[in-house]
Amino acid sequence: MVEQLGKAYKGKLRVVKVNVDDNPKLSRQYQVSSIPTLMIFEGGQMVERTVGARTRPEVEAMIARVLLT
């Protein structure tokens, strides 16, 4: 789903996946303790965060909240 959202919102946002096993420093910095964790950043600051599986409509609602602000 993450890749699909990246394609659907191309030009509006950038989607990045991070492997916490390969990036332990980054996962500690953002206190990722469970997978999946989804974070949305705006201007370098985290503005939305959710932990656990989410449906595409739930994730799109998060994106809409950020894009509409």
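Which helices and strands each supply at least two residues of the lining of the largest pocket? Keep that question in mind while opening the model, which is a predicted one, and begin by selecting H1, H2, E1 and H3, since these are the elements that each contribute at least two lining residues.

**The pocket**

With those elements displayed, turn to the space itself, for the largest pocket holds about 1200 Å³. Its lining is made up of 32 residues, and those lying nearest the centre are Val 16, Lys 17, Thr 37, Leu 38 and Met 39, which makes these five a convenient selection on which to centre the view. Strand E1 provides the largest share of the lining, with five residues, and the tour therefore passes to this strand next.

**Strand E1 and Ile 40**

Select residues 37-42, the extent of E1, and pick out Ile 40 within the strand. Is Ile 40 buried or exposed? Its relative accessible area is 14%, and because the cut-off for a buried residue is under 20%, Ile 40 counts as buried. Show next what surrounds Ile 40: beyond its neighbours within four places in sequence, the residues in contact with Ile 40 are Gln 45, Met 46, Val 47, Glu 48, Met 62, Ile 63 and Val 66. A distance drawn between the C-alpha atoms of Ile 40 and Val 66 will read 8.0 Å, although the two are 26 residues apart in sequence.

**Helix H3**

Val 66 leads on to helix H3, so select residues 56-67. This helix has 12 residues and reaches 16 Å from its first C-alpha to its last, close to the 16 Å expected at 1.5 Å a residue. Colour its buried residues, which are Val 59, Met 62, Ile 63 and Val 66, and then look down the axis of H3: the buried residues fall within an arc of 95°, so they line one face of the helix. An α-helix has 3.6 residues a turn, so residues three or four places apart point the same way. The elements against which the buried residues of H3 pack are helix H1 (2-8), E1 and strand E2 (45-51), and these may be shown together.

**An aromatic pair**

Return to E1 and select Phe 41 along with Tyr 30, which form an aromatic pair of the edge-to-face kind, with 5.3 Å from centre to centre and 85° between the planes. Tyr 30 belongs to the loop between helix H2 (24-29) and E1, while Phe 41 belongs to E1, so the pair ties together parts that are 11 residues apart in sequence. Tyr 30 is partly exposed, at 22% relative accessible area, and Phe 41 is likewise partly exposed, at 37%.

**The loop between H2 and E1**

Stay in this loop and select Gln 31, which lies in the stretch between H2 and E1 and is exposed at 63% relative accessibility. The phi of Gln 31 is near 55°, a positive value in a residue other than glycine. Farther along, display the backbone from Ile 35 to Pro 36, where the peptide bond is cis, with omega near 5°; Pro 36 also lies in the loop between H2 and E1. Most residues other than glycine have a negative phi, and most peptide bonds are trans.

**Ser 27 in H2**

For a last stop, select Ser 27 in helix H2, a residue that counts as buried at 13% relative accessibility. Leaving out residues up to four places away in sequence, Ser 27 touches Val 20 and Val 32.

Note on methods
Residues numbered from 1 in each chain as written. Predicted model: local features only at pLDDT ≥ 70, side-chain atom pairs only at ≥ 80, totals over all residues. Heavy atoms only, no water. Helix = DSSP H or I, 4+ residues; strand = E, 2+ residues; numbered from the N terminus. Buried < 20%, exposed > 50% of the residue type's maximum accessible area, 1.4 Å probe, protein only. Contact = heavy atoms within 4.5 Å. Phe/Tyr/Trp six-rings, centres within 6.5 Å; stacked < 30°, edge-to-face > 60°. Expected span 1.5 Å × (residues − 1). Arc of directions from axis to C-beta. 1 Å grid on protein atoms, 1.4 Å probe; cavity = no way out; pocket = protein on both sides within 12 Å on 5 of 7 lines; lining within 4 Å. Points joined across faces, edges and corners; volume = space filled by probe spheres on them.
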